[in-house]
Amino acid sequence: MPAAQRIPLRSVTMWLLLQSLLLLASCLPSAAAFPKGCYPSEEEGLKTFRCSNARLTEVPRDIPNDTNKLFLDSNRIPFLPRDAFRDLPLLLELDLSHNAIASVESGAFRGLAEHLHSLDLSSNRLVSVSKDAFSNLKAKVNLSNNPWLCDCRLQELIRTVDLAAGSSGGIVCHSSAQEEHVGKAFLQVIADTDFCNVYKKTTDIAMLVTMFGWFAMVISYLVYYVRQNQEDARRHLEYLKSLPSKQRRSEESSTISTVV
């Protein structure tokens with residue numbers, strides 16, 4: 001075979017190796033699709049996706065939908081939007097601790113009710129969250145170490161969720177309408193105080209005060225109206241008395257005719 005037609009064995013080997021690498025790369029998920037600092041793994045037979053300390057400012061979108069355990073802890077996520085995890089139907093554990101989460105929209109955990117059994121929202125910036133955000137969720141929830149406002153809304157939330165074991169003592173009143181509650185564990189406070197009942201009483205009193213105010217205004221108007229009419233009647237009588245007798249009789253007759 002002429003030398004020009006001979007292909008060096010080394011070149012053939014390199015070409016086959018390159019083709020094999022390309023084929024392997026096409027079969028594996030692209031690492032470039034994941035946010036920087038995030039990576040998939042398998043732990044105890046469960047598919048895990050870790051994004052701890054990845055400086056994230058939002059929930060990543062390219063999380064494998066067969067993920068069982070998701071770690072988004074120690075990031076900078078400020079809020080959880082509606083349907084944030086809707087494409088993760090097999091999720092069992094979700095760690096969102098040590099973020100900057102101050103708001104959780106209603107429906108943020110939609111789609112997770114059936115399988116999720118652990119949700120960690122500890123060490124965030126939650127002050128007040130609607131119970132609707134956790135609607136139908138069966139997971140054990142950790143809400144400790146947040147700057148909670150102790151009020152009826154928090155009381156309703158605590159009654160809705162199933163708190164993780166040992167986490168209830170970390171739900172402390174950072175602020176409250178009653179100063180003596182600040183710094184105390186919320187469960188300790190509601191043992192003696194029903195915030196929702198106090199709120200209802202306050203609302204009832206406000207309604208009574210408003211109704212009394214309107215009633216007083218109506219009575220005042222009626223009194224003014226009667227007095228004004230009495231004053232007009234008195235002036236008219238004085239006017240009639242001041243007229244000469246014939247003209248007065250004519251005025252009275254005219255008045256009577258008009259009335260009739």
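## A look around the predicted chain

Five helices and 11 strands make up the secondary structure of the chain. Keep in mind that this is a predicted model. The chain has 260 residues, and 30% of them are buried. Its accessible surface comes to about 17300 Å², with 58% of that belonging to carbon and sulfur atoms. Looking at contacts with a separation of 6 or more, 42% are between residues 24 or more positions apart.

### The core

Nonpolar side chains in soluble globular proteins tend to be buried together. Here, the largest nonpolar core has 48 residues. Which of them have the most contacts inside it? They are L80, F85, F109, L119, F134 and L143. Four elements, β9 (148-150), α2 (152-160), α3 (186-190) and α4 (195-242), each supply at least two residues of this core. The largest share comes from α2, which gives four residues.

L143 is a good place to zoom in. Skipping residues up to four places away in sequence, L143 touches L121, F134, W148, L157, I158, V161, L163 and I171. F134 and L143 are thus a touching pair, and both are listed among the core residues with the most contacts.

### Two pockets

Now for the open spaces. The largest pocket holds about 400 Å³ of space. Among its 17 lining residues, V59, P60, R61, D83 and A84 are the closest to its centre. The second largest pocket has a volume of about 170 Å³. That one is lined by 14 residues, with G107, F109, R110, S135 and N136 the closest to its centre. F109 turns up here as well as in the list of core residues with the most contacts.

How do the residues of each lining divide into nonpolar, polar and charged? The table sets the two side by side.

| Pocket | Volume | Nonpolar | Polar | Charged |
|---|---|---|---|---|
| Largest pocket | about 400 Å³ | 10 residues | one residue | six residues |
| Second largest pocket | about 170 Å³ | six residues | five residues | three residues |

### Backbone oddities

Most residues other than glycine have a negative phi. R55 goes the other way, with a positive phi near 60 degrees. Where does R55 lie? R55 is in the loop between β2 (46-50) and β3 (69-71). Is R55 buried or exposed? R55 counts as exposed because its relative accessibility is 64%, and the cut-off for exposed is over 50%.

N136 also has a positive phi, about 70 degrees, although N136 is not a glycine. Its place is the loop between β7 (118-120) and β8 (140-142). With 62% relative accessibility, N136 counts as exposed. N136 is also one of the residues closest to the centre of the second largest pocket.

### K131 and its partners

The loop between β7 and β8 also holds K131. Is K131 exposed, partly exposed or buried? Its relative accessible area is 34%, so K131 is partly exposed: that value falls between the 20% and 50% cut-offs. What does K131 touch, leaving aside neighbours within four places in sequence? The contacts are E156, L157 and T160. The C-alpha atoms of K131 and E156 are separated by 6.4 Å, although the two residues are 25 apart along the chain. L157 is in contact with K131 and is touched by L143 too. Since α2 spans 152-160, the numbering puts E156, L157 and T160, the partners of K131, in that helix.

Note on methods
Residues numbered from 1 in each chain as written. Predicted model: local features only at pLDDT ≥ 70, side-chain atom pairs only at ≥ 80, totals over all residues. Heavy atoms only, no water. 1 Å grid on protein atoms, 1.4 Å probe; cavity = no way out; pocket = protein on both sides within 12 Å on 5 of 7 lines; lining within 4 Å. Points joined across faces, edges and corners; volume = space filled by probe spheres on them. Nonpolar A, V, L, I, M, F, W, Y, C, P; charged D, E, K, R; others polar. Buried < 20%, exposed > 50% of the residue type's maximum accessible area, 1.4 Å probe, protein only. Contact = heavy atoms within 4.5 Å. Areas by Shrake-Rupley, 256 points an atom, 1.4 Å probe, with all protein chains shown as cover. Core = buried A, V, L, I, M, F, W, Y, C linked by side-chain atoms within 4.5 Å.
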